[in-house]
Amino acid sequence: REGERVFMRLVLAIDDSAVMRQMVKFTVESTGGYRCIEAEDGQAALNLLEQHEPDLIISDINMPRMNGYEFT
């Protein structure tokens, strides 16, 4: 509808596997109303959090540089 604001929830997918991030992104965005941003490890995710406030974070545990536990 014209003039209506579309509210989309934001999901952050953190995984060192690009394939897994793409699977999460596809699944999240295909439901409608959700947008997904991606990070390859916990450190990259922290950098994204400086600019974004996700509603949900989906994180792998075993990642290089900063793992999921350290990120949390």
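Helices, of at least four residues, and strands, of at least two, are DSSP runs numbered from the N terminus. Read in that way, the elements of this chain follow one another from the N terminus as β-α-β-α-β-α, giving three helices and three strands. Please keep in mind throughout the tour that the model is predicted.

**The whole chain**

Start with the complete chain in view, and turn it along its principal axes, where the C-alpha atoms fill a box of roughly 45 × 25 × 15 Å. The chain has 72 residues, of which 29% count as buried, and it exposes about 5200 Å², with carbon and sulfur atoms supplying 51% of that area. If you display contacts between residues at least 6 apart in sequence, 62% of them join residues at least 24 apart.

**The sheet**

Next select the three strands, which form an open sheet in the order S2-S1-S3 with parallel pairing. Strand S2 (34-39) and strand S3 (56-59) are the edge strands, each of them pairing on one side only, and from one strand to the next the twist averages 20 degrees. Now narrow the selection to strand S1 (residues 9-14) and S2, which pair in the parallel sense over six bridges; to find one place in this pairing, pick Arg-9, whose bridge partner in S2 is Tyr-34.

**Helix H1 and Arg-21**

Add helix H1 to the display, and you will see that H1 lies across S1, S2 and S3 while running at about 170 degrees to S2. Within helix H1 (residues 18-30), select Arg-21. Is Arg-21 buried or exposed? Arg-21 has a relative accessible area of 13%, and because buried means under 20%, Arg-21 counts as buried. Show its surroundings next: leaving aside residues up to four places away in sequence, Arg-21 touches Ala-13, Asp-15, Asp-16, Glu-38, Ala-39 and Glu-40. For one of these, Asp-15, zoom in on the backbone oxygen, which lies 2.6 Å from a polar atom of the side chain of Arg-21.

**Salt bridges**

The structure holds four salt bridges, and the next stops visit some of them.

Return to Arg-9 and add Asp-55, with which Arg-9 forms a salt bridge whose closest N and O atoms are 3.7 Å apart. Arg-9 lies in strand S1, whereas Asp-55 lies in the loop between helix H2 (42-49) and S3, so the pair ties together parts that are 46 residues apart in sequence. Both partners are partly exposed, Arg-9 with a relative accessible area of 40% and Asp-55 at 44% relative accessibility.

Then select Glu-38 and Lys-25, the side chains of which meet in a salt bridge at 3.8 Å, N to O. This pair links distant parts of the chain, with Glu-38 in strand S2 and Lys-25 in helix H1, 13 residues apart. Glu-38 is partly exposed, its relative accessible area being 24%, and Lys-25 is likewise partly exposed, with a value of 26%.

Move on to Arg-65 and Asp-41, where the side chains meet in a salt bridge at 2.9 Å, N to O. Here too the pair links distant parts of the chain: Arg-65 sits in the loop between S3 and helix H3 (68-71), Asp-41 sits in the loop between S2 and H2, and the two are 24 residues apart. Colour the pair by accessibility, and Arg-65 counts as exposed at 62%, whereas Asp-41 is buried, with a relative accessible area of 5%. Before leaving the charged residues, bring Arg-21 back into view together with Lys-25 and Glu-38, since salt bridges that share partners join these residues into one network.

**Ile-57 on an edge strand**

For the last stop, select Ile-57, which is found in strand S3, one of the edge strands. Which residues does Ile-57 touch, not counting residues up to four places away in sequence? Ile-57 touches Leu-12, Ile-14 and Phe-71. Ile-57 is partly exposed, with a relative accessible area of 36%. To finish, draw a distance between the C-alpha atoms of Ile-57 and Thr-31, which are 26 residues apart along the chain and separated by 16 Å.

Conventions:
Residues numbered from 1 in each chain as written. Predicted model: local features only at pLDDT ≥ 70, side-chain atom pairs only at ≥ 80, totals over all residues. Heavy atoms only, no water. Buried < 20%, exposed > 50% of the residue type's maximum accessible area, 1.4 Å probe, protein only. Polar contact = N/O pair within 3.5 Å; in protein donor to acceptor, adjacent residues only side chain to side chain. Contact = heavy atoms within 4.5 Å. Pairing = 2+ DSSP bridges. Axes fitted to C-alpha atoms, helices over the stretch in contact; angles between N-to-C directions. Areas by Shrake-Rupley, 256 points an atom, 1.4 Å probe, with all protein chains shown as cover.
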